[in-house]
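Please open the structure in your viewer and keep the sequence panel beside it, since this tour moves from one selection to the next. At each stop, select what is named and look at it before reading on.

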Amino acid sequence: MNFKVPRGTQDILPSESWKWQRAEAIIKNVCDVYRYKEIRTPIFEQTDLFQRLVGETTDVVQKEMYTFTDRGDRSMTLRPEGTAPVVRSYVEHKMFGYPDQPVKLFYTGPMFRYERQQAGRYRQFVQFGIEAIGSNDPAIDAEVIALAMDVYKKAGLTKLKLVINSLGDTECRRTHKEALIEHFKPHIDEFCSDCKDRLEKNPLRILDCKVDGDHPLIKSAPSLADYLNEESAAYFKEVTSYLEDMDIPYEIDANLVRGLDYYNHTAFEIMSTSEGFGAITTLCGGGRYNGLAEDIGGPSAPGIGFAMSIERLLLAMEAEEVSFEAEPDIDVYVVTLGDEAKRLGVKILGQLRASGIRADIDYTGRKMKAQMKSADRLKAKNVLVIGEEEVAKQVVVLRNMADRQQEEISTTELIQVVADRLTKEGR
């Protein structure tokens, strides 16, 4: 029987995984600059958590969750997104009692959604996200957006577009909801079954429908911007003013609603404008979610965050022909001839590694010519050659692979000589 990787997932092989490590290093560096600390939550949570916080009318909850019953007859779900687990942890561990608010957190890890596989979209995907919980200051909204933009810029992306909107507060959404129901109800039979179900529960989601997105009634639907009260409009104005102060260009899109029910006030997406990126241009999305902590028994703790796919970050870099630095070279490759030479080579290999020098050796008993070819393929900076004569004299032949110059070095001096050479080369 032939086993293959499950549909909608992928193996990230060593030839590619180093790029992921570079991307994650950029993310961690930016988070450190902004003073966001890492949080790690379980890969699965109680199903009720996502149903309550993400929203029962969302595609995520209705169609895409990987849910199972454990041996204790409890319904559990592989996390489809990161905000709900982080808010649960914030409440459970009483982070609202920390003296410094908001609490600034970031996470990186696998998420799971049963959806149709597309370029850069998988059923298991890696998501980076941040959450700033405990402040309703418009300035923190701008900071969160700035952090996302900085990650992409540090990765070398330039063809970016920030789209932003206000979803208003509870009062705004209630009056807008009533207007949407009145607008769609006479013609709801022209829409898909999902939209029919959403009409009374959450008509805002109709605007985000993937099936009926081109329907004329969606384009002529009442705009939420027309229903913003004075407080919500002022809040949004402050957010955009802070963005302008930080020289972050943006576009206002009154139809931007996001796909999760918990958003209110600020909502935003960052898109790639690169011609080769594909039809789905969104790289990152997020927004404010005041009231989420209260929904699971916590105190008032307004929050804002975003999530971005690492897969789509790498795709955007490919579309813009941006690449990370090549995988690190091997500092030293040890070539041995004979059993005694192999024994000495393994000993020296351990000493090199203990000194922080990247080194490797042949484990297949190949001849010298084949070992030298491996050193070339691995882009080794230096090669150590050890044969019977070198064992007898307790020396090695150190060859610089750049200029092919070589010299005989005592085994007692070797580590220092290699370290000094690498230092001069900027290692």
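Begin by selecting D141, which lies in helix α5, residues 138–154. Is D141 buried or exposed? With a relative accessible area of 0%, D141 is buried, and you should keep in mind throughout the tour that this is a predicted model. Now add T58 to the selection: D141 and T58 are 83 residues apart in sequence, and their C-alpha atoms are 24 Å apart in space.

**The sheet**

Next, select the strands of the open sheet, which has eight of them in the order β1-β5-β6-β11-β10-β9-β7-β8, with mixed pairing. Its edge strands are β1 (37–38) and β8 (251–252), each of which pairs on one side only.

Within this sheet, select strand β10, residues 282–288, which is mostly covered, with six of its seven residues buried. On one side, strand β9 (residues 264–272) runs antiparallel to β10 and is joined to it by six bridges; if you select N264, you will find its bridge partner in β10, R288. Strand β11 (residues 303–309) also pairs with β10 in the antiparallel sense, here over five bridges, and the bridge partner of G287 in β11 is G305. As you look along these strands, it may help to remember that in a regular strand the side chains alternate between the two faces of the sheet.

**Unusual backbone angles**

Most residues other than glycine have a negative phi, and most peptide bonds are trans. The next three selections depart from that pattern.

Select R35 in the loop between α1 (14–34) and β1, where this residue, although not a glycine, has a positive phi of about 70 degrees. R35 counts as exposed because its relative accessibility is 57%. Then move to D247, in the loop between α9 (230–245) and β8, whose phi is near 60 degrees, again a positive value in a residue other than glycine. D247 also counts as exposed, at 65% relative accessibility.

For the third stop, select Q101 and P102 together, and look at the peptide bond that leads from Q101 to P102, which is cis, with omega near 0 degrees. P102 has its place in the loop between α4 (83–92) and β5 (103–112).

**Aromatic rings**

Turn now to the side chains, where the structure holds six aromatic pairs. One of them is formed by F184 and F191, with an edge-to-face arrangement in which the centres are 5.5 Å apart and the planes make an angle of 85 degrees. Both F184 and F191 are buried.

Select F106, F128 and F306 next, which form one aromatic cluster. Then show R123 and Y114: the charged end of R123 sits over the ring of Y114, 4.0 Å from the ring centre.

For a view of the surface, select I43, F44 and F68, which form a nonpolar patch with about 260 Å² of accessible area together. F44 lies in strand β2, residues 44–46, and counts as partly exposed because its relative accessibility is 44%.

**Salt bridges**

How many salt bridges does a search of the whole structure find? It finds 17 salt bridges, and three of the pairs are worth selecting in turn.

Start with E45 and R88, whose closest N and O atoms are 2.6 Å apart. This pair links distant parts of the chain, since E45 is in strand β2 and R88 is in helix α4, 43 residues apart, and both residues are buried.

Continue to R358 and D331, whose closest N and O atoms are 3.4 Å apart. R358 lies in the loop between α12 (339–354) and β13 (359–361), and D331 in the loop between α11 (310–319) and β12 (332–336), so this salt bridge ties together parts that are 27 residues apart in sequence. R358 counts as partly exposed at 32% relative accessibility, whereas D331 counts as buried at 0%.

Finally, select R404 and D376, which form a salt bridge with the closest N and O atoms 3.5 Å apart. Because R404 lies in the loop between β15 (395–400) and β16 (406–410) while D376 lies in helix α13 (residues 368–377), the pair ties together parts that are 28 residues apart in sequence.

Key
Residues are numbered from 1 along each chain as its sequence is written. This is a predicted model: local features need pLDDT of at least 70, side-chain atom pairs count only at pLDDT 80 or more; totals for chains, interfaces and linings use all residues. Side-chain values use heavy atoms; hydrogens and water are left out. Rings of Phe, Tyr and Trp (its six-membered ring) pair if their centres lie within 6.5 Å; planes under 30 degrees apart count as stacked, over 60 as edge-to-face and the rest as tilted. Buried means under 20% relative accessible area, exposed over 50%, partly exposed in between (1.4 Å probe, protein chains only). A charge sits over a ring if NZ of Lys or CZ of Arg is within 6 Å of the ring centre and within 35 degrees of the ring normal. Patches are made of residues with over 30% relative accessible area and no salt bridge: like charges are joined within 9 Å, nonpolar side chains (Val, Leu, Ile, Met, Phe, Trp, Tyr) within 5 Å. Accessible areas come from the Shrake-Rupley method with a 1.4 Å probe; for residues, only the protein chains shown count as cover. A salt bridge is a side-chain nitrogen of Lys or Arg within 4 Å of a carboxyl oxygen of Asp or Glu. Helices (H or I, at least four residues) and strands (E, at least two) are DSSP runs, numbered from the N terminus. Two strands pair if DSSP finds at least two bridges between them.
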